[in-house]
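Here are a few short exercises to work through with the structure in view. Try each task yourself before you read its solution.

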Amino acid sequence: MNARDFLKQEHDNVKQLLEQSLRYEYGFEGSQEFFEECGTRLSFISQWLGSPDELVADDLANIGYQLNELSKLICRIERSSLGEYSWPFVEELKKLATGICTEDGLEGQYPPKIYVLAGGGLDAYRIYPEMRRPMASRRRLLTIVFPKTLKHFVLLHPILGHEIGHALWGCTKQQAHLVGKVLSVLKRLGGKFESEDVTAVHLFDSQAPHDAQAALAALANLRVDEANFFGQWARWEFWLDEILCDLVGLATFGPSFAAAQCGLLSTLDPAGVTTGRMHPPVGWRINLVLRAAELLNLSEPPPDPHPLRQSFLAFWDELQRFRRPEPWFNVFDDNQIVDALDGIFQLLNQYPPSGYPKTDFDALGELVQQLANGVPPIGFHMSEGGAPVCSRVDFRHIVYAGWISRHSLQPHSFDITNRLCEHAIMQQIAIDTAMSQP
Amino acid sequence: MSISSYQVHSSGALARRFASLVASYMDDPTAAKSETAKVPLENVYRMLEMFRYDAFADDSRLGVLALETLEGDRPASRERGSPWHTSIAQALDSALMAAYGAQKSKEEAVVELQDSLRRLAVEGAVDEPNAQHARTFFSTLRASLA
């Protein structure tokens, strides 16, 4: 059996896999479109394999790669039908992502094709945008992954705001905007990300905390040091992308993103010095997000007196405890942060409801009060005359209310707070739908 | 390393095939309007869009909480050789020059070519003089990627 014959066999196998496991009768939303997209990809590969021309090594290698990717994609999407994730949160997340991740294509505007699945481990949180480089595909698909163990923990799901940043980066026009209006600011002359060399000098600075220096010294075993850190080991441009995505997360989810990011990252790396090839030190990211939240006035408290004030202040006080005091952890000045956020909001504001909406303290206070009463926090109350009154509430404010309620006098457990908020998002979708009816 | 960890995918080779197919569609309306043709047509449209905005960054990333450790990790993370798009961007430049010279700006030329791709997909044909521009562009693109 030569390579071409084997690839023909594998093509038939993938086709069978598609037909057996992903017929669009299977059930999950959008499965017909997915089935058709996979069918188009297979037809293209089939035509290529059946071409009367001789297939050179490059062709055969490419066909094998494309079949491999398609097979993996089908298996990944098949799992999405299991529904082991918080579907109310996903519904709202899709609304955020749809406008801003819409791309121009041959037939006009293409909203993203989004599929969701559950994975193992806290680090499962992820959005996979398919790559834009030449592929045997017509439309690109977007897969969002939630950790299965955190199925109902909607207070932590705003961490996916960071992943929206990666999805944006995968859209050509948005990438051009982010390069021009955000990355250029982060790389501004005189800053610690002016160049790879400048960042490396700061990273290896003698003022860095002892545990950070010790961790970096371990790289000497790999013959990596300050001089070749970014050339040989880490990817400076990836670090910048991760920082940019943290700011996008804050700009889309507001305080809940800061709370989820600080809480989860600090749990995984309490010292804040973990440094990766693709990720900058954890503490750099935490300090940046907390400072950015302040500069957006997100931590500005309600006037005194206000029923929300005490728990609001306690929430932000707790967040501040994640901040590392050493100057080594602060890698951007305030002007850079403000200008970078401005660049991000210029983009988000073109695609409502992507940007985090301003908080109304009175409305937020009502949501927190509902939680204290043990009911899902939604836009509903009974008028003095006994008539039901509904109002719209953004799901990000429901989640924010959940975080603040953790600091009320008698908070529910974290699990119960999450479940109340998840139910609230579901009920609010119903209220919004009813209010949209003529 | 698993058997599938070999880096066998070549964007340049695939881009050449797409350019070649689109060039052939210029004289084959039936093939141009087929469902299978949507794959090369969409891909070429997407490449032109990246070229127009000079936005080729396209690496896959780890998740937001996927922290890596320093110890025991492999060095030499930098992509070997040129980034995936270098040869494609150069070929697009050459093809643009061959098809338009100094007649149109890069943006105007890309918009015209994208419009030609749409017409090919829907009507199976492109009117002159855009058809001539498109023929020259795609045949030069194919040759430049060889």
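**Exercise 1.** Find the residue that A:Arg126 stands opposite in strand 5 of chain A.

*Solution.* This is a predicted model, so read every value as computed from it. Start at A:Arg126 and look across to strand 5 of chain A: the residue opposite is A:Val145. Next, look at the pairing as a whole: strand 4 and strand 5 (residues 141-147) of chain A run antiparallel, joined over four bridges. Finally, add the neighbour that packs on the sheet: helix 5 (residues 160-169) of chain A touches strand 4 and strand 5, and its direction makes about 15° with that of strand 4 of chain A.

**Exercise 2.** Work out why one side of strand 3 and of strand 4 of chain A is left without a neighbour in the sheet.

*Solution.* First write down the strand order, which is 3-5-4 in chain A; the sheet is open, has three strands and shows mixed pairing. Strand 3 (113-119) and strand 4 (126-129) of chain A therefore stand at the edges, and each has a single partner strand, so one side of each has no neighbour in the sheet. As an extra, neighbouring strands of this sheet are turned by 20° against each other on average, direction ignored.

**Exercise 3.** Decide whether A:Asp205 is buried, partly exposed or exposed.

*Solution.* Locate A:Asp205 in the loop between helix 7 (196-203) and helix 8 (210-217) of chain A. Count its surroundings: 14 other C-beta atoms lie within 10 Å. Buried needs 20 or more and exposed needs 12 or fewer, so A:Asp205 is partly exposed.

Methods
Residues numbered from 1 in each chain as written. Chains lettered and ligands numbered in written order. Predicted model: local features only at pLDDT ≥ 70, side-chain atom pairs only at ≥ 80, totals over all residues. Pairing = 2+ DSSP bridges. Helix = DSSP H or I, 4+ residues; strand = E, 2+ residues; numbered from the N terminus. Axes fitted to C-alpha atoms, helices over the stretch in contact; angles between N-to-C directions. Contact = placed C-beta atoms within 7 Å.
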